[in-house]
Amino acid sequence: MRIANLHGRAALVRDGLALDIEQASDGKFGPAPLGLYEDWDAFRAWAVDADYSSALPFDDKDLGAPIPNPRQIFAIGLNYKDHADEASLPYPEHLFVFTKFQSSLAGPHAVVELPSETVDYEVELVAVVGKEMHKVDETEAWDGVAGLSVGQDFSEREIQLRPPVPQFSLGKSFPNFSPFGPAVVTLDELPDYEGLPLSTVIEGQGPAGGWKVQDGNTRNMIFSVPQIIAELSRVVTLFPGDLIFTGTPAGVGKAHGIALQPGNVLTSTVEGIGSLRNEFV
Ligand code: ZN
């Protein structure tokens with residue numbers, strides 16, 4: 001199933017139609033998106049057999065962040081071999097973790113105001129937590145994932161990297177710097193969820209017709225989704241609805257002298273899940 005946020009209300013989406021979850025479940029689930037994940041097993045059991053006959057057409061532009069108010073947002077840096085290679089950095093032995101503050105979350109079509117001339121893009125697979133987890137083993141970790149989504153980890157590189165110490169969380173948390181969506185997609189919809197192609201295309205600079213600047217596969221992660229969950233959960237407790245931005249493949253602007261400019265349009269895709277489309281002003 002595919003779970004989205006339409007006008008602030010949780011909805012199941014399929015073939016361009018949206019089913020309002022609160023109405024369809026007679027008030028049992030929704031309308032708040034976060035609540036679905038807090039009652040995940042019951043919700044999933046209901047949603048598998050949901051009747052889509054009252055579903056209505058919708059406009060993608062009306063979708064918000066599938067979960068606008070998670071308790072925690074984790075992000076992993078330097079987590080793809082090809083990205084570490086292009087940055088000439090060794091593969092990390094331990095997870096490199098930061099947060100993206102909640103106020104930076106946005107829907108899949110958010111318009112992003114550029115605070116400087118050094119804003120970069122990073123397409124990422126986002127894992128959505130489906131149950132409380134502390135000290136879980138890698139082999140149990142997929143069980144605790146409600147679904148996967150597409151995220152962008154926009155990054156203002158100057159604040160992120162300026163002395164005296166790097167400020168990843170701050171530099172990556174301007175308004176609308178964390179769009180995600182268009183929906184949370186459950187694993188049963190993704191036959192090969194450990195090997196998903198993901199890409200970023202820029203329009204408005206570079207070759208006409210779109211410039212594919214990132215073209216990777218989640219199989220090249222240094223720490224897989226289960227390893228990330230196991231490692232994080234050694235320290236913190238993960239809560240239902242928490243988001244994990246799992247890192248970006250090669251092709252980021254910083255490695256290639258590219259920065260986002262007003263008027264650019266960026267399309268970020270994870271195959272099988274969907275795309276984000278963000279404009280810059
Ligand atoms: Zn990132």
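Select Arg157 and Glu122 in this predicted model; their side chains form a salt bridge, with the closest N and O atoms 2.9 Å apart. Arg157 belongs to helix H6 (residues 157-161), whereas Glu122 sits in the loop between strand E9 (119-120) and strand E10 (123-129), so the pair ties together parts that are 35 residues apart in sequence. Colour both residues by accessibility: Arg157 and Glu122 are both buried.

**The zinc site**

Keep Glu122 selected and display the zinc ion. Which residues serve as its protein donors? They are Glu122 (OE), Glu124 (OE) and Asp153 (OD), and they lie 2.0 to 2.1 Å from the ion. Along the chain, the donor residues follow the spacing E-x1-E-x28-D. Glu124, like Glu122, is buried.

**Salt bridges elsewhere in the chain**

Next, select Arg219 and Asp192, whose closest N and O atoms are 2.8 Å apart in a salt bridge. This pair links distant parts of the chain, 27 residues apart: Arg219 is in the loop between strand E15 (211-217) and helix H8 (225-235), and Asp192 is in the loop between strand E13 (178-185) and strand E14 (197-203). Asp192 is partly exposed, at a relative accessible area of 39%.

Now add Lys100, Asp120, Asp153 and Lys172 to Glu122 and Arg157; salt bridges with shared partners join these residues into one network. Asp153 and Glu122 thus appear again here, having been shown as donors of the zinc ion.

Move to Glu22 and Arg9, where a salt bridge of 2.8 Å (N to O) joins the side chains. Glu22 lies in helix H1 (residues 21-24) and Arg9 in strand E2 (residues 9-14), so the contact ties together parts 13 residues apart in sequence. Glu22 is partly exposed, with a relative accessible area of 27%, and Arg9 is partly exposed with a value of 27%. Over the whole structure, the search finds 14 salt bridges.

**The two pockets**

Return to Arg157 and show the surface of the largest pocket, which holds about 350 Å³ of space. Its lining comprises 22 residues, and Leu78, His83, Leu89, Arg157 and Gln160 lie nearest the centre. Which helix gives the largest share of this lining? Helix H6 does, with 3 residues. At least two lining residues each come from strand E5 (73-77), helix H4 (81-86), strand E6 (96-99) and H6. By class, the lining has 10 nonpolar, 5 polar and 7 charged residues.

For the second largest pocket, go back to H1, which supplies at least two lining residues, as do E2 and strand E3 (17-20). This pocket contains about 190 Å³ of space. Of its 13 lining residues, Ala18, Leu19, Asp20, Gln23 and Leu56 lie nearest the centre. The lining has 8 nonpolar, 3 polar and 2 charged residues.

**The five-stranded sheet**

Finally, switch to a cartoon view and select the open sheet, in which 5 strands run in the order E8-E18-E17-E14-E15 with mixed pairing. At its edges are strand E8 (111-112) and E15, each of which pairs on one side only. Within the sheet, centre the view on strand E17 (residues 265-270) and strand E18 (residues 274-280), which pair in the antiparallel sense over 6 bridges. To end the tour, label Val270, which stands opposite Gly274 in E18.

Notes
Residues numbered from 1 in each chain as written. Predicted model: local features only at pLDDT ≥ 70, side-chain atom pairs only at ≥ 80, totals over all residues. Heavy atoms only, no water. Salt bridge = Lys/Arg side-chain N within 4 Å of Asp/Glu carboxyl O. Helix = DSSP H or I, 4+ residues; strand = E, 2+ residues; numbered from the N terminus. Buried < 20%, exposed > 50% of the residue type's maximum accessible area, 1.4 Å probe, protein only. Pairing = 2+ DSSP bridges. Donors = N, O, S within 2.8 Å, 3.2 Å for Na, K, Ca; no water. 1 Å grid on protein atoms, 1.4 Å probe; cavity = no way out; pocket = protein on both sides within 12 Å on 5 of 7 lines; lining within 4 Å. Points joined across faces, edges and corners; volume = space filled by probe spheres on them. Nonpolar A, V, L, I, M, F, W, Y, C, P; charged D, E, K, R; others polar.
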